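Ready for some practice in reading a protein structure? Take a look at the sequence and the 3D view, then work through the exercises below.

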Amino acid sequence: NYDKIADYLAARPQWFRAWALVMSYGHVGVPLFFVISGFCVHRRWAQQWAEGGAARVDFAGFWKRRLWRLYPAYFTALCLSMLLVLMAYAAGSDRPILTRYPEPRAWWIGADFLAHLGMLHGLHPVFDKGGGNAVFWSLAREEYLYLLYFVILAGRRRLGIKSCLLGVTVVGLAFPWVMRLALVPDSNWWGIVNTSALVFWVQ
C-alpha cells in the first residue's frame with residue numbers, strides 16, 4: 001500500500017508532493033490543540049494564583065461557559081451527520097458510515113446518537129468514530145481532559161507541580177499496560193485505550 005502511495009506521489013508535481021508531505025502531519029493537530037487548549041484553560045487560574053496566592057475553582061461556571069460555546073454548533077453538526085447515517089440506512093447502503101454498526105443497526109444508530117448527545121461516545125469503540133462524523137472522537141477526549149483538569153488542579157495544589165506531572169505521566173504510561181490484563185491484542189477496545197484521555201493527559 002505504501003508503495004502505491006509512493007508511486008502516486010512520484011508522478012505528481014513538486015508542489016503537490018510538498019503539500020502532501022505537510023498534510024501527512026495532520027494527525028499532530030489534535031495533540032497540539034489539546035496542549036493549546038490546556039494552556040488557555042489553565043491561564044485564568046494561574047493568573048488568579050499569581051496575583052493573590054489563591055484562586056477560586058468555579059466548576060459549574062466553567063462547564064456552563066464551555067457548553068454555551070461548544071454545544072449548539074456541535075448539536076447542529078451531529079444532527080446533520082446522523083441524518084446522513086439515517087438516509088444511508090433507509091437506502092440500504094453498504095457504505096462504511098453504516099456498516100460500522102453491528103446488527104440490529106437501527107438500535108446501534110439510535111444508541112450512537114444518544115452517546116454523542118452526552119459526549120459519551122469516546123467510551124465505546126462502535127460509537128467512538130461514529131456519529132456520522134469520525135472527527136467527533138476528538139471532542140469527546142477534549143471534554144474528558146477538561147474533567148481531568150479539575151483533578152490535576154487539586155493535585156497541583158496539594159502535591160506541587162513536579163509530583164503532579166510525574167503522576168499524570170505514570171498514569172498515562174501505565175494505563176495501556178494495565179489494560180493488557182483485560183484485553184486481547186486484537187480487541188476493538190485498543191483504539192479507545194490508546195487515545196484515551198488518561199494517555200493524552202500528560203500533554
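**Exercise 1. Decide whether M119 is buried or exposed, then describe its place and its backbone.**

Solution. This is a predicted model, and we start with the surface. M119 has a relative accessibility of 8%. Buried means under 20%, so M119 counts as buried. Next, find M119 along the chain: it belongs to the loop between α6 and α7 (125-128). Last, check the backbone. M119 is not a glycine, yet its phi is positive, at about 55 degrees. Most residues other than glycine have a negative phi.

**Exercise 2. Find out what is special about the peptide bond between E103 and P104.**

Solution. Begin with the angle: omega is about -5 degrees, and the bond joining E103 and P104 is cis. For background, most peptide bonds are trans. Then place the proline: P104 lies in the loop that runs between α5 (96-99) and α6 (105-117).

**Exercise 3. Work out how the rings of F62 and F150 are arranged.**

Solution. A pair of aromatic rings is described by the distance of the centres and the angle of the planes, so we take these one at a time.

- Step 1, distance: the ring centres of F62 and F150 are 5.4 Å apart. The cut-off for a pair is 6.5 Å.
- Step 2, angle: the two planes meet at 75 degrees. Over 60 degrees counts as edge-to-face, so this pair is edge-to-face.
- Step 3, place in the chain: F62 sits in helix α4 (residues 59-90) and F150 in helix α8 (residues 136-159). They are 88 residues apart, and the pair links distant parts of the chain.
- Step 4, surroundings: F62 is buried, at 10% relative accessible area, and F150 is buried too, at 14%.
- Step 5, the wider picture: ring pairs connect F59, F62, W63, Y146, Y149 and F150 into a cluster. The structure as a whole holds 17 aromatic pairs.

**Exercise 4. Describe the setting of K129, from its loop to its contacts.**

Solution. First, the location: K129 is in the loop between α7 and α8. Second, the surface: with 40% relative accessibility, K129 counts as partly exposed. Third, the contacts: apart from neighbours within four places in sequence, K129 touches R100, A134 and W137. Look again at W137, because K129 lies over the face of its ring, at 5.7 Å from the ring centre, and the cut-off for such a placement is 6 Å. Fourth, a longer link: K129 and I192 are 63 residues apart along the chain, and their C-alpha atoms are separated by 9.9 Å.

Now try another charge over a ring. Which ring does the charged end of R180 sit over? That ring belongs to W177, and the distance to its centre is 3.9 Å.

**Exercise 5. Sum up the whole chain in a few numbers.**

Solution. Count the elements: there are eleven helices and zero strands. Next, the dimensions: the C-alpha atoms fill a box of roughly 60 × 45 × 40 Å along the principal axes. Of the 203 residues, 33% are buried. The accessible surface is about 13,400 Å², and 68% of that belongs to carbon and sulfur atoms. For contacts with a separation of 6 or more, 58% are between residues 24 or more positions apart. Finally, the charges: the chain has 20 positive and 11 negative ones, and their mean positions lie 10 Å apart.

How values were computed:
Residues numbered from 1 in each chain as written. Predicted model: local features only at pLDDT ≥ 70, side-chain atom pairs only at ≥ 80, totals over all residues. Heavy atoms only, no water. Phe/Tyr/Trp six-rings, centres within 6.5 Å; stacked < 30°, edge-to-face > 60°. Helix = DSSP H or I, 4+ residues; strand = E, 2+ residues; numbered from the N terminus. Buried < 20%, exposed > 50% of the residue type's maximum accessible area, 1.4 Å probe, protein only. Lys NZ or Arg CZ within 6 Å of the ring centre and 35° of its normal. Contact = heavy atoms within 4.5 Å. Areas by Shrake-Rupley, 256 points an atom, 1.4 Å probe, with all protein chains shown as cover. Lys, Arg positive; Asp, Glu negative; His and termini not counted. Charge placed at Lys NZ, Arg CZ, Asp CG, Glu CD.
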